[in-house]
Amino acid sequence: MRAVVQRVDGASVSVAGTADGPSAGGVVGEIVGEGLCVLVGVTHGDTPEKAAQLARKLWSVRILEGEKSCSDVNAPLLVISQFTLYGDARKGRRPTWNAAAPGELAEPLVDEVVARLRELGAEVATGRFGADMRVSLTNHGPFTLIIEV
């Protein structure tokens, strides 16, 4: 699993209305104040154990103001699935997505990261898996980190 983690002073994710109607759109996840915005990618061979390991790392990594972790200050996290983290653009002009896990494998593992974070006591907001999302955030620092487990 791969995560791009940004220290933020607030973040939100919204989706457009769908065939289910305009009420299906709008802001679907938001955190206010200091926290982390986390983009999570899943590859073939990832497991629930790796999801749990990633959740523990996200909850305890000391990258907030004053070298604190989310667990130290009860900071919220916005977790958003992003298969493009496993895109490969080394050859040609079009990236390939071969290393990204298919949705039927990836979605439960992203859900597992969220569930494990909540078990640890985290306040977690999420995006909507597979949706065309718009992410807005204020990167504090700027501070961006890549975590792989």
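A pocket here is an open set of grid points with protein on both sides within 12 Å along at least five of seven lines. With that in mind, let us walk through this predicted model, starting at its largest pocket, which holds about 290 Å³ of space. Of the 19 residues in its lining, Ser81, Gln82, Phe83, Ala131 and Met133 come closest to the centre. Several elements contribute to the wall: strands S2 (26-41), S3 (77-81) and S5 (133-148), together with helix H3 (103-119), each supply at least two lining residues. Sorted by class, the lining is made up of 12 nonpolar, 6 polar and 1 charged residues.

Phe83 is a good place to pause. A search of the whole structure turns up 1 aromatic pair, and its members are Phe83 and Trp97. Their ring centres sit 5.3 Å apart with the planes at 75°, and because an angle over 60 degrees counts as edge-to-face, that is how this pair is classed. Both partners belong to the loop between S3 and H3, 14 residues apart. As for the solvent, Phe83 is partly exposed, at 46% relative accessible area, and Trp97 is partly exposed too, at 37%.

Now step back into strand S3, where you will find Leu78. With a relative accessible area of 0%, Leu78 falls under the 20% limit and is therefore buried. Who surrounds it? Setting aside neighbours within four places in sequence, the contacts of Leu78 include Ala11, Ser12 and Val13, then Gly29, Glu30 and Ile31, then Leu36, Cys37 and Val38, and finally Ala125 and Thr126. Arg56, by comparison, is 22 residues from Leu78 in sequence and 15 Å away in space, C-alpha to C-alpha.

Notes
Residues numbered from 1 in each chain as written. Predicted model: local features only at pLDDT ≥ 70, side-chain atom pairs only at ≥ 80, totals over all residues. Heavy atoms only, no water. 1 Å grid on protein atoms, 1.4 Å probe; cavity = no way out; pocket = protein on both sides within 12 Å on 5 of 7 lines; lining within 4 Å. Points joined across faces, edges and corners; volume = space filled by probe spheres on them. Helix = DSSP H or I, 4+ residues; strand = E, 2+ residues; numbered from the N terminus. Nonpolar A, V, L, I, M, F, W, Y, C, P; charged D, E, K, R; others polar. Buried < 20%, exposed > 50% of the residue type's maximum accessible area, 1.4 Å probe, protein only. Contact = heavy atoms within 4.5 Å. Phe/Tyr/Trp six-rings, centres within 6.5 Å; stacked < 30°, edge-to-face > 60°.
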